[in-house]
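Open the model in your viewer and keep the selection panel at hand. We will go from stop to stop, with a selection to make at each one.

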Amino acid sequence: MVDGDWFEVRRFPHDVTLIREPHHGEDVKVYLIEGNRDVAILDTGTGTGDFPALVASLSDRRPRVLQTHAHWDHIGASHRFDDVLVHPAEAEGLRRGTPPERYIAAFSPEAVDSGRLPAGFDPSGGLPGREPTGWLEAGDRVDLGGRVLEVIHTPGHSPGGVSFLDRQARALFVGDLLYLGQMYLFFPNSDPAAFRDALARVAALADAIDTVYPAHGPTPLTFADLLAIRGAFEEVWAGRTPDREGALLGFDVAIHDFGRFSFLLPRGD
Ligand SMILES: [Zn+2]
Ligand SMILES: [Zn+2]
């Protein structure tokens, strides 16, 4: 086991493997999806520990990183892989990597159980970026050998957010589009209208999906969870009054709290 105290690995049906980092507050979730020839790596975590070695210990297939988007906690080890695909709208973020001040803040004592960090981990240098080696755009099909992932553009949280539909496994991998927890829609390049459209796009896949794999919060989710999130956001869109206001990551936010999940939107004027 590689950095066994930091990563947690869990196997799901249909040769889907979860890698999570439970000792970091983001508890970000990465998925490996095995084809006959390639293994898709849906995001690369926070960059802590030897993620590529862990992947190599779990799969002997050719690794292909498919980024759901380029936020820092999803691109951590991407610079260490040869093949990294992303939506063009996220390319700049992937190239930029994570600057030292951002990376240091991400490992503040409030954000991480410092005692569990791999020996020698030091965030002070930040993380290098990665030039994309290919693109993920709406309607693309990523062939892993005997298994195809269909790319669905699902912006809102982030402009180049994508989801992956695996019809064989009847599964949808959604990145940060939706999960049970606080959904962040307040970044300057977040787009609540695009988020609403993206939810409608995935909700239309009822005949093709049983299981939904998100990048944060409990996993897996059901299609009913997806519909519940969509239904709740329709209420927000129709003019629901926020439950409270607050500040997060330097932004003023309006919070719509539905219990198992909440939407954090830019605070209105
Ligand atoms: Zn994100
Ligand atoms: Zn995230």
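## A guided walk through the model

Start by selecting strand 10 (residues 162-166) and strand 11: the two run antiparallel and are joined by three bridges. Bear in mind as you look that this is a predicted model. The pair forms a hairpin, with four residues between the strands. Show the turn and pick out Arg170, whose phi is positive at about 50°. Then display Phe164 and find Phe173 of strand 11 standing opposite.

**Stop 2: strand 11 and its other partner**

Keep strand 11 (residues 171-175) selected and show its side chains. How many of the five residues are buried? Five of the five are, so strand 11 is largely enclosed by the rest of the structure. Turn the view to see the two directions: Ala171, Phe173 and Gly175 point one way, while Leu172 and Val174 point the other way, and all of them are buried.

Now add strand 13 (residues 211-214), which pairs with strand 11 in the parallel sense over four bridges. Which residue of strand 13 is the bridge partner of Ala171? Select Thr211, and you have that partner.

**Stop 3: a cis peptide bond**

Follow the chain out of strand 13 into the loop that leads to strand 14 (221-222), where you will find Pro220. Select Thr219 together with Pro220: the peptide bond joining them is cis, with omega at about -5°.

**Stop 4: two helices**

Next, select helix 4 (residues 192-203) and helix 5, which pack at an angle of about 145° with their axes 10 Å apart. The crossing of helix 4 past helix 5 is left-handed. To see the contact, show Arg196, Leu199, Val202 and Ala203 on helix 4, then Leu226, Leu227, Ile229, Arg230, Phe233 and Trp237 on helix 5. Colour them by class and you get eight nonpolar residues, two charged and no polar ones.

Stay on helix 5 (residues 223-237) and pick Ala232. Is Ala232 buried or exposed? Ala232 has 21 C-beta neighbours inside 10 Å, so this residue counts as buried; the cut-off for that is 20 or more. Now draw a C-alpha to C-alpha distance from Ala232 to Phe263: the two are 31 residues apart in sequence but 9.2 Å apart in space.

**Stop 5: a four-stranded sheet**

Phe263 takes you to strand 17, where His256 stands opposite. Select strand 16 (residues 251-257) with strand 17 (residues 262-266) to see an antiparallel pairing over five bridges. Widen the selection to the open sheet of four strands, with the order 12-17-16-15 and mixed pairing. At the edges are strand 12 (182-184) and strand 15 (244-248), each pairing on one side only. On average, neighbouring strands of this sheet are turned by 35° against each other, direction ignored.

**Stop 6: helix 1 and what covers it**

Move back along the sequence and select helix 1 (residues 51-58), then show Phe51, Leu54 and Val55, which are buried. Look down the axis of helix 1: its buried residues fall within an arc of 100°, so they line one face of the helix. What covers these buried residues? Among the elements to add are strand 2 (16-20), strand 3 (29-34), strand 4 (38-42) and strand 5 (62-66).

**Stop 7: Leu66**

Within strand 5, select Leu66. Leu66 counts as buried because 25 C-beta neighbours lie inside 10 Å. Leaving aside residues up to four places away in sequence, Leu66 touches Ala40, Ile41, Leu42, Leu85, Leu136, Val142 and Phe164. Phe164 is familiar from the beginning of the tour, as the residue opposite Phe173 in strand 11. Add Asp83 as well, 17 residues from Leu66 in sequence and 8.6 Å away in space, C-alpha to C-alpha.

**Stop 8: two positive phi angles**

For the last selection, go to the loop between strand 1 (8-12) and strand 2 and pick His14. Though not a glycine, His14 has a positive phi of about 60°. His14 is partly exposed, with 13 other C-beta atoms within 10 Å. Asp15 lies in the loop between strand 1 and strand 2 too. Asp15 is not a glycine either, yet has a positive phi of about 55°. With 17 C-beta neighbours inside 10 Å, Asp15 counts as partly exposed.

How values were computed
Residues numbered from 1 in each chain as written. Chains lettered and ligands numbered in written order. Predicted model: local features only at pLDDT ≥ 70, side-chain atom pairs only at ≥ 80, totals over all residues. Buried ≥ 20, exposed ≤ 12 C-beta atoms within 10 Å, placed from the backbone. Arc of directions from axis to C-beta. Contact = placed C-beta atoms within 7 Å. Pairing = 2+ DSSP bridges. Axes fitted to C-alpha atoms, helices over the stretch in contact; angles between N-to-C directions. Left-handed = near helix turned anticlockwise from the far one by under 90°. Nonpolar A, V, L, I, M, F, W, Y, C, P; charged D, E, K, R; others polar.
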